[in-house]
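Here are some short exercises to work through with the model open beside you. Try each task before you read its solution.

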Amino acid sequence: MERLYGDPLTVWRAWADDVRGHGIESGHHMAEEAPEDLARALAGFLREPGAG
């Protein structure tokens with residue numbers, strides 16, 4: 001994504017007040033290629049106050 005569009009967090013800040021994230025080493029199919037990393041990132045985000 002970064003090679004095509006630059007920093008995605010910078011782009012998404014135009015549409016959202018609270019934008020956080022980090023890269024996960026994978027190809028296009030992140031859920032299949034890095035399932036543990038993706039699950040850990042999603043669980044951490046969903047546990048954050050105000051995330052639901």
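**Exercise 1. Find the helix that holds W12, and decide whether W12 is buried or exposed.**

Step 1: W12 sits in helix α2, where helices are DSSP runs of H or I with at least four residues, numbered from the N terminus.
Step 2: W12 has a relative accessible area of 44%, so it is partly exposed (buried is under 20%, exposed over 50%, partly exposed in between, with a 1.4 Å probe and protein chains only).
Step 3: Together with V11 and W15, W12 forms a nonpolar patch on the surface with about 380 Å² of accessible area. Such a patch joins nonpolar side chains (Val, Leu, Ile, Met, Phe, Trp, Tyr) within 5 Å, from residues with over 30% relative accessible area and no salt bridge.

A note on the model: it is a predicted one, in which local features need pLDDT of at least 70 and side-chain atom pairs pLDDT 80 or more, while totals for chains, interfaces and linings use all residues. Residues are numbered from 1 along each chain as its sequence is written, and side-chain values use heavy atoms, without hydrogens and water.

**Exercise 2. Describe the largest pocket and its lining.**

Step 1: The volume of the largest pocket is about 1,000 Å³. A pocket is an open set of points on a 1 Å grid where a 1.4 Å probe fits, with protein on both sides within 12 Å along at least five of seven lines; lining residues have an atom within 4 Å of a point.
Step 2: It is lined by 24 residues, and W12, H22, G23, I24 and M30 are the closest to its centre.
Step 3: At least two lining residues each come from α1 (2-5), α2 (8-12) and α4 (35-47), with α4 giving the largest share, 4 residues.
Step 4: By type, the lining holds 12 nonpolar, 6 polar and 6 charged residues.

**Exercise 3. How many salt bridges are there, and which side chains meet in them?**

Step 1: Look for a side-chain nitrogen of Lys or Arg within 4 Å of a carboxyl oxygen of Asp or Glu; the count comes to 2 salt bridges.
Step 2: D18 pairs with R20 at 2.9 Å, N to O, and R20 is partly exposed at 42% relative accessible area.
Step 3: R40 pairs with D37 at 2.6 Å, N to O. These two are 3 residues apart in helix α4, so about one helical turn separates them.
Step 4: R40 is exposed, at 55%, whereas D37 is partly exposed, at 34%.

Definitions and conventions
Grid points are joined across faces, edges and corners, and a volume is the space filled by probe spheres set on the points. Ala, Val, Leu, Ile, Met, Phe, Trp, Tyr, Cys and Pro count as nonpolar, Asp, Glu, Lys and Arg as charged, and the others, Gly among them, as polar. Patches are made of residues with over 30% relative accessible area and no salt bridge: like charges are joined within 9 Å, nonpolar side chains (Val, Leu, Ile, Met, Phe, Trp, Tyr) within 5 Å. Accessible areas come from the Shrake-Rupley method with a 1.4 Å probe; for residues, only the protein chains shown count as cover.
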